Amino acid sequence: MAKKKVTRKDLLKSPDEFLSLSEKAALFFSSHRRHFEIVGYVLVGIAVVYLAVNTYFRYVNKKGQEAYNKAYSALSEATREEPDIQKIGEAGGLFSTVVDEYGHSKVAPLAVPQLAWTKSLQKEYDEAISLYKDFLDEISGDPLYESLTRLALATCYESKGEFKAAVENLETVMILPENPFTEMALFNLARVYRFDHQPERAKETLKKFIEEYEDSPFVPMAKALL
C-alpha cells in the first residue's frame, strides 16, 4: 500500500501535537505550579515535624536514662547494708521524677516497679500494689516480668495480711509458661498457707516442693517446717 502523502494541512497542524515529552511536562508543571508548591510545602512541613519529634524523643530518652541512673544509684546506696528508710524515700522521689517528667522515655516503664519497691520498703503497701498492677498491665504477655511482678505483689499482700490475694498471685506464677520462678512461688505458697491458718495445705505444698525440687537449697528448710 502506498505511503500516505503529507499534506499541507498536516504541516499546518497545531504545534502542540509535535511537542516533546519534556516540553509537555514543562507546560504541565507551569500550569499546575501552585499545586506543586502546596505539595512541596506540605512535604517540607512533614519533614520538619518528623525531625522535631525525633529530636524530642532522643532528648527525652537521654534525660530519662540519666534520671533513672541517678535514682537507681540512690536506691542501691540506700539498701546496700541496713536499709535507710529516709534515703529509700528519696530514691523513690527520683524514680517518681522519671515517671512524671520523662514518661515518654523508653526507660520510664522500668522506673514503675522500682518506685513500687521503694513504697513496699517504706511499708506503703497500697501504693506499692497499685504501682505493681500498673506495671503488670504494661508487660502483659511477658512471663518473666509478670512472674517477678506477681511475686512482688504476693509479698505486699502477705505483709498486709491479705493472704488470699497473696495465694492467688503465687498460684498464677506457677502456671505461667517458660517461667524460672515456680520454685520460689511454690516455697512461698507453703509459707502463706501456714500464715493463713491452713496447716494441711502448707504441708502438702512443702511435700510437693521437696519432691519436685530435691536439689533446691531450700529443701532443708522445707523439711524442717514439716
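How much space lies in the largest cavity? About 40 Å³, in what is a predicted model throughout. The close-ups below start with that cavity and then move through the cores, a buried threonine and the salt bridges.

**View 1. The largest cavity, lined by residues that include Leu151 and Val192.** Applying the 30 Å³ cut-off leaves a count of 1 cavity. Around the largest cavity sit Leu151, Ala154, Thr155, Glu158, Leu170, Asn188, Arg191 and Val192. Two elements, H7 and H9, each give two or more residues to this lining. H7 provides the largest share, with 4 residues. Sorted by class, the lining comes out as 4 nonpolar, 2 polar and 2 charged residues.

**View 2. The largest nonpolar core, a set of 42 residues.** Look for Phe95, Tyr132 and Leu170 here, since these are the residues with the most contacts inside the core. Seven helices feed in at least two residues each: H3 (33-78), H4 (85-101), H5 (108-121), H6 (125-138), H7 (143-160), H8 (163-175) and H9 (182-195). H6 makes the largest contribution, at 7 residues.

**View 3. Leu170 and the residues it touches.** Which residues does Leu170 contact, leaving aside neighbours within four places in sequence? They are Leu151, Ala154, Ala185, Asn188, Leu189 and Val192. Leu170 turns up in two of these views: it is among the residues with the most contacts inside the largest core, and it also helps line the largest cavity.

**View 4. Thr205 in helix H10, and a separate core.** Apart from the largest core there is another one, of 8 residues, including Leu186, Phe187, Ala190 and Ala222. Is Thr205, over in helix H10, buried or exposed? Thr205 is buried, at 9% relative accessible area. Not counting residues up to four places away in sequence, Thr205 touches Leu186, Leu189, Ala190 and Tyr193. Of those partners, Leu186 and Ala190 belong to the 8-residue core.

**View 5. Lys119 paired with Glu124.** Side chains of opposite charge can pair when their charged atoms come close. In this salt bridge the closest N and O atoms are 3.4 Å apart. Lys119 is buried, with a relative accessible area of 18%, while Glu124 counts as partly exposed at 28%. The pair isn't on its own, either: Lys119, Glu124 and Glu127 are linked in a network of salt bridges. Across the model, the count comes to 9 salt bridges.

**View 6. Lys160 paired with Glu162.** Here the closest N and O atoms of the salt bridge are 2.9 Å apart. Lys160 is partly exposed, with 33% relative accessible area, and Glu162 is partly exposed too, at 34%.

**View 7. Lys164 paired with Asp196.** The closest N and O atoms of this salt bridge are 3.0 Å apart. Lys164 lies in helix H8, whereas Asp196 lies in the loop between H9 and helix H10 (199-212), so the salt bridge ties together parts that are 32 residues apart in sequence. What about the surroundings of each partner? Lys164 is exposed, with a relative accessible area of 59%, but Asp196 is buried, at 14%.

How values were computed: Residues numbered from 1 in each chain as written. Predicted model: local features only at pLDDT ≥ 70, side-chain atom pairs only at ≥ 80, totals over all residues. Heavy atoms only, no water. Core = buried A, V, L, I, M, F, W, Y, C linked by side-chain atoms within 4.5 Å. Buried < 20%, exposed > 50% of the residue type's maximum accessible area, 1.4 Å probe, protein only. Contact = heavy atoms within 4.5 Å. Salt bridge = Lys/Arg side-chain N within 4 Å of Asp/Glu carboxyl O. 1 Å grid on protein atoms, 1.4 Å probe; cavity = no way out; pocket = protein on both sides within 12 Å on 5 of 7 lines; lining within 4 Å. Points joined across faces, edges and corners; volume = space filled by probe spheres on them. Nonpolar A, V, L, I, M, F, W, Y, C, P; charged D, E, K, R; others polar.
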